[in-house]
Amino acid sequence: MRILVIEDERKIAEFIRRGLKEEGYSVDVAYDGEQGYRLARINEYDLIILDLMLPGLNGLEICRQLRQDKLTVPILILTVKDSVQDKVTGLDSGANDYLTKPFAFEELLARCRALLRGYGVSEPTRLRVADLELDLLTRRVTRAGQEISLTQKENSLLEYLMRNAGRVVTRTMIAEHVWDMNFDSFTNVIEVYINRLRNKIDRGFNRPLIHTIRGRGYILKE
């Protein structure tokens, strides 16, 4: 999952970025409203965390404009403005949730998870393809009951492949959802991680699950 944080206070932005990355999310950060709006328009994000008081475009303007642009990405407003009217205005501008500063990171994380699940739509806590299983809560991976140890980035890549099981995903799609905007598209990092996953997920088992589609990308399927 890829998240955009639009926050002009660099200490807070770095705190959020670091915490989300530790949870396995890919995170881009914008420090002013115009940069944030531009990134939201040119990249595909799964969630936007948005401050209201920003240089350039303010948060409400960004929120309204993104909705006018027909972008349905979930937006979580994170701000010091804590009056009831502020919250009503923010939600009426198109935000999906509203959290005031100071905040507990654990609560921010829980709200992010809820929005990423799809506005309260029930979602299983485990992903399963054939005998491969990923517990989304504990991040535990097993195949045929055998536990597999993955790094954080390998785990994120596997989650993306499993969420798109049976569908070809390109290098660009993987880069957009598993890495951030600083990713160097000219490196072979994605291929390296795919090979690492293959060595851990497929080696020693009769049926390979990760397949290369020449000239297109990769697919996870039975």
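Visitor: At what angle do α6 and helix α8 pack?

Guide: In this predicted model, helix α8 covers residues 189-201, and its axis lies 10 Å from that of α6. Angles from 65 to 115 degrees count as roughly perpendicular. The two helices are therefore roughly perpendicular to each other, and the packing angle is about 85°.

Visitor: Which kinds of residue make up the contact of α6 with α8, and how many are charged?

Guide: On the α6 side, K153, E154, L157, L158 and L161 take part. They meet Y193, I194, R196, L197, K200 and I201 of α8. Sorted by type, the contact has seven nonpolar residues and no polar ones, while the number of charged residues is four.

Visitor: Across which strands does helix α6 lie?

Guide: Helix α6 spans residues 152-163 and runs at about 115° to β7. Besides β7, the helix crosses a strand at 141-143 and one other. The strands are β6, β7 and β8.

Visitor: Which strands are at the edges of the open sheet of four strands?

Guide: The strand order is β6-β7-β8-β9, with antiparallel pairing. From one strand to the next, the twist averages 25°. An edge strand here pairs on one side only, and that describes β6 (126-129) and β9 (146-148).

Visitor: What is the bridge partner of L127 in β7?

Guide: Strand β7 takes in residues 132-135. It pairs with β6 in the antiparallel sense, over four bridges. In β7, the partner of L127 is L134.

Visitor: Is D97 buried or exposed?

Guide: D97 sits in strand β5, residues 97-100. Leaving aside neighbours within four places in sequence, D97 is in contact with I75, L76, I77, L91, R111 and L115. Its relative accessible area is 17%, and buried means under 20%, so D97 is buried.

Visitor: Which side chain does that of D97 join in a polar contact of 2.8 Å?

Guide: A good place to look is the list of contacts made by D97, which includes I75, L91 and R111. The polar contact of 2.8 Å runs from side chain to side chain, and the partner of D97 is R111.

Visitor: And D32: buried, exposed or partly exposed?

Guide: D32 lies in the loop between β2 (26-30) and α2 (33-42). Beyond neighbours within four places in sequence, D32 is in contact with I6 and P55. A polar atom of its side chain lies 2.8 Å from the backbone nitrogen of Q35. The relative accessible area of D32 is 27%, which falls between the cut-offs of 20% and 50%, so D32 is partly exposed.

Terms used:
Residues are numbered from 1 along each chain as its sequence is written. This is a predicted model: local features need pLDDT of at least 70, side-chain atom pairs count only at pLDDT 80 or more; totals for chains, interfaces and linings use all residues. Side-chain values use heavy atoms; hydrogens and water are left out. Two strands pair if DSSP finds at least two bridges between them. Axes are lines fitted to C-alpha atoms, for helices over the stretch in contact, and angles run from 0 to 180 degrees between N-to-C directions. Contact means heavy atoms within 4.5 Å. Buried means under 20% relative accessible area, exposed over 50%, partly exposed in between (1.4 Å probe, protein chains only). A polar contact is a pair of N or O atoms within 3.5 Å; within protein, one must be able to donate a hydrogen and the other to accept it, and residues adjacent in sequence count only if both atoms are side-chain atoms. Angles under 35 degrees count as roughly parallel, over 145 as roughly antiparallel, 65 to 115 as roughly perpendicular and the rest as oblique. Ala, Val, Leu, Ile, Met, Phe, Trp, Tyr, Cys and Pro count as nonpolar, Asp, Glu, Lys and Arg as charged, and the others, Gly among them, as polar.
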